[in-house]
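Open the structure in your viewer and keep the selection tool at hand. Each stop below says what to select and then what is there.

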Amino acid sequence: MILGLRTALYPAPDLAAGKAWYAKALGIEPYFDQPFYVGFAVGGFELGLVPDAKPGDLGAQVLWGVADIAAEVSRLIALGASPIDPVTEVGDGIKVAAVRDPFGNRFGLIENPRFRVSDVR
């Protein structure tokens with residue numbers, strides 16, 4: 001049984017640069033920081049950076065929740081990301097978008113007014 005997002009792994013061949021960028025993008029420092037893996041605790045979930053993986057758009061694509069998707073896309077672009085998919089309403093007030101981080105990874109976002117924190121386990 002799938003219970004919900006727990007960890008999203010992002011390739012980061014330059015782990016130091018990846019750690020610095022994601023710390024700025026997420027607004028937090030990593031809780032786990034080793035040469036083989038850097039982990040950030042984000043709202044009960046984990047974003048992990050893996051140094052020996054290849055960046056790109058293929059593979060699992062996760063969506064990270066935000067309160068104001070247009071503002072967040074602008075902020076991430078100002079931090080060095082580039083746009084992939086513009087903010088798009090997909091129905092029921094839910095909006096999605098994606099940017100490419102400075103290392104070539106897709107970083108998906110979702111503004112979902114129906115998401116309930118109480119559902120996180």
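Begin by selecting residues 37-42 and residues 45-50: these are strands β3 and β4, which run antiparallel and are joined by five bridges. Keep in mind that this is a predicted model. Within this pair, select Phe40 and look across to β4, where Leu47 stands opposite.

Now widen the selection to the whole sheet. β3 and β4 belong to an open sheet of four strands, in the order β1-β4-β3-β2, with mixed pairing. At its edges are β1 (7-11) and β2 (32-34), each of which pairs on one side only. Direction ignored, neighbouring strands here are turned by 15° against each other on average. Strands of a sheet pair through backbone hydrogen bonds, either parallel or antiparallel.

Next, add residues 15-26, which make up helix α1. This helix packs on the sheet and touches β1, β2, β3 and β4. Compare its direction with that of β3: the angle is about 5°.

Stay with this helix and select Lys19 together with Asp33. The two form a salt bridge, and their closest N and O atoms are 2.7 Å apart. Because Asp33 lies in strand β2 and Lys19 in helix α1, the pair ties together parts that are 14 residues apart in sequence. Asp33 is partly exposed, with a relative accessible area of 39%, and Lys19 is also partly exposed, at 26%. The structure holds four salt bridges, and two others come later in this tour.

Then select Tyr31, Phe32 and Phe36 and show the surface. These residues make a nonpolar surface patch of about 340 Å². Phe36 is found in the loop between β2 and β3. Is Phe36 buried or exposed? Phe36 has a relative accessible area of 54%, so it counts as exposed.

Move on to the other sheet, and select β5, β6, β7 and β8. These four strands form an open sheet in the order β5-β8-β7-β6, and the pairing is mixed. β5 (63-65) and β6 (82-91) stand at the edges with a single partner strand each, so one side of each has no neighbour in the sheet. Neighbouring strands are turned by 25° against each other on average, direction ignored.

Select β8 alone, residues 106-111. Five of its six residues are buried, so β8 is largely enclosed by the rest of the structure. On one side, three bridges join β8 to β5, and these strands run parallel; Leu63 has Gly108 in β8 as its bridge partner. Six bridges join β8 to β7 (residues 94-100), and this pair runs antiparallel. Here Val96 stands opposite Ile110, and Arg100 has Arg106 as its bridge partner. β7 and β8 form a hairpin with five residues between them, and in the turn Gly104 has a positive phi of about 100°.

Two more salt bridges remain to be visited. Select Arg75 and Glu72, whose side chains meet at 2.7 Å, N to O. Both lie in helix α2 (residues 69-78), three residues apart, about one turn of the helix. Arg75 is partly exposed, with a relative accessible area of 31%, whereas Glu72 counts as buried at 18%.

For the last stop, select Asp92 and Arg114, which form a salt bridge with their closest N and O atoms 2.4 Å apart. Asp92 lies in the loop between β6 and β7 and Arg114 in the segment after β8, so the pair ties together parts 22 residues apart in sequence. Arg114 is exposed, with a relative accessible area of 55%.

How values were computed: Residues are numbered from 1 along each chain as its sequence is written. This is a predicted model: local features need pLDDT of at least 70, side-chain atom pairs count only at pLDDT 80 or more; totals for chains, interfaces and linings use all residues. Side-chain values use heavy atoms; hydrogens and water are left out. Two strands pair if DSSP finds at least two bridges between them. Helices (H or I, at least four residues) and strands (E, at least two) are DSSP runs, numbered from the N terminus. Axes are lines fitted to C-alpha atoms, for helices over the stretch in contact, and angles run from 0 to 180 degrees between N-to-C directions. Contact means heavy atoms within 4.5 Å. Patches are made of residues with over 30% relative accessible area and no salt bridge: like charges are joined within 9 Å, nonpolar side chains (Val, Leu, Ile, Met, Phe, Trp, Tyr) within 5 Å. Accessible areas come from the Shrake-Rupley method with a 1.4 Å probe; for residues, only the protein chains shown count as cover. Buried means under 20% relative accessible area, exposed over 50%, partly exposed in between (1.4 Å probe, protein chains only).
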